[in-house]
Amino acid sequence: MMHFLRALHERFQGLEDGEVARYIPELAEADPERFGVSVVTVDGRVFEVGDTDAVFSLQSISKPLVYGLALETCPAETIRRRVGVEPTGDPYNSIVKLDVAGRPHNPLINPGAIAVTDLIRGPGPDDRIAQILERLGRYAGRPLGVDQAVFASERETGHRNRAIAHLLRQFGRFDGPMDESLDLYFKQCAVAVTARDLATIGATLAHAGVNPVTQTRALHERHVGPVLSLMLSCGMYDYSGQWAYRVGLPAKSGVGGGICVVVPGQMGIGVYSPRLDARGNSVRGVAAVEAMSRHYCLHVFGRDRSCASLEEALR
């Protein structure tokens, strides 16, 4: 595996397409040359190359994890009434276009994620973010915190998300304290992580919701399937259909430059490179994971005996 990862990193290190996100000023400060790939297996082994300790913000990768928290803490009917599970084909930050039931289409686009974050309730804002951080820490296997500079930058520039929240309230899909719930959403997106954290998060989902390093449960096993289904069909913004077709693995990207990938039953992959394509996905990250999926035939719906053996690579 290490030989393959070193070759993969060398192959795509020189890929200079795309640019860092600039609509959130703090993200514009990212070093565009950073590139790290980490793999964590379901038995807790780590293989990695490049800038896997570089710190960046979780951004939209928080969305399926907070959705999982909502599945565990809210009545199922409340969640079904709040948000759907269908792909949209629209950009992640589109102003609300509701489904036939009057809901945001899914929880992995901004309208659906804002509606879901509003469901994480508590006696006050500190308790609400503490719930999210505690849950994210279970996935990563270590305490995580909010990057306050990124949070302040998101809060300062989050006018589109405020507009989305007001429209959700108009349609009865948002009923909590507006500013507090939006701050909570901005904070969950500003949680600081590394590529190794993303690989561990992916490995936790690959391991039926149990962190393979700490053996701590992060998500009840019955909710893992629904979360992974959404990641496969909706996790890569409006590239999700192409991703499912070409790569065939549950994944979630974020405009901070990260991609978290799940190889069910086998491993998690975390990639960090902040150069983004027009859809908001890491250019090097997409290329690297697609190459890895082809090399080891990781597509969940297809196998080819001519591919390299992942089992042998992980020995």
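These questions and answers go through helices, salt bridges and cores in a predicted model.

Trainee: Why is Glu290 called buried?

Mentor: Its relative accessible area is 10%. Buried means under 20%, so Glu290 counts as buried.

Trainee: What makes the pair of Glu290 and Arg246 a salt bridge?

Mentor: The closest N and O atoms of Glu290 and Arg246 are 2.6 Å apart. The cut-off is a Lys or Arg side-chain nitrogen within 4 Å of a carboxyl oxygen of Asp or Glu, so the pair qualifies. Glu290 lies in helix H12 (residues 283-296) and Arg246 in helix H11 (residues 240-246), so the salt bridge ties together parts that are 44 residues apart in sequence.

Trainee: Is Arg246 buried or partly exposed?

Mentor: Arg246 is partly exposed, at 42% relative accessibility. That class runs between the 20% limit for buried and the 50% limit for exposed.

Trainee: What do the side chains of Arg196 and Glu48 form?

Mentor: They form a salt bridge, with 2.3 Å from N to O. Arg196 is in helix H9 (residues 195-206) and Glu48 in strand E2 (residues 46-50), so this pair joins parts 148 residues apart in sequence. Arg196 has a relative accessible area of 29% and is partly exposed. Glu48, with 21%, is partly exposed.

Trainee: How far apart in sequence are Glu77 and Arg80?

Mentor: They are 3 residues apart, about one turn of the helix, and both lie in helix H3 (residues 76-82). Their closest N and O atoms are 3.1 Å apart, and the two form a salt bridge. Glu77 is partly exposed at 43% relative accessibility, and Arg80 is partly exposed at 47%.

Trainee: How many salt bridges are there, and which residues are linked in a network?

Mentor: The count comes to 20. Arg82, Asp118, Arg121 and Asp175 are linked in a network of salt bridges.

Trainee: How do you know that the span of helix H2 agrees with what is expected?

Mentor: At 1.5 Å a residue, the 12 residues of H2 (residues 62-73) should span 16 Å, and the end C-alpha atoms are 17 Å apart, which agrees.

Trainee: What makes H2 mostly covered?

Mentor: Of its 12 residues, 10 are buried. Among them are Lys63, Pro64, Tyr67 and Leu71.

Trainee: How far does helix H7 reach?

Mentor: H7 (residues 159-170) reaches 17 Å from its first C-alpha to its last, close to the 16 Å expected for 12 residues at 1.5 Å a residue. Its buried residues are Asn161, Ile164, Ala165 and Leu168. They cover an arc of only 100 degrees around the axis, which puts them on the same side of H7.

Trainee: What covers the buried residues of H7, and which exposed residues does the face turned away carry?

Mentor: The cover includes helix H4 (110-117) and helix H8 (178-189). The face turned away from the buried side carries the exposed residues His159, His166 and Gln170. After H7 comes Gly172, whose phi is positive, near 75 degrees.

Trainee: How many residues does the largest nonpolar core have?

Mentor: It has 65 residues, and those with the most contacts inside it include Tyr67, Ile79, Val191 and Leu198. Leaving aside neighbours within four places in sequence, Leu198 is in contact with residues including Phe56, Ile61, Cys260 and Val271. A second, separate core of 33 residues includes Phe12, Val39, Leu310 and Ala313.

Methods: Residues are numbered from 1 along each chain as its sequence is written. This is a predicted model: local features need pLDDT of at least 70, side-chain atom pairs count only at pLDDT 80 or more; totals for chains, interfaces and linings use all residues. Side-chain values use heavy atoms; hydrogens and water are left out. A nonpolar core is a set of buried Ala, Val, Leu, Ile, Met, Phe, Trp, Tyr and Cys residues joined through side-chain atoms within 4.5 Å. Buried means under 20% relative accessible area, exposed over 50%, partly exposed in between (1.4 Å probe, protein chains only). Contact means heavy atoms within 4.5 Å. Helices (H or I, at least four residues) and strands (E, at least two) are DSSP runs, numbered from the N terminus. The expected span of a helix is 1.5 Å times one less than its number of residues. The arc is that of the directions from the helix axis to the C-beta atoms.
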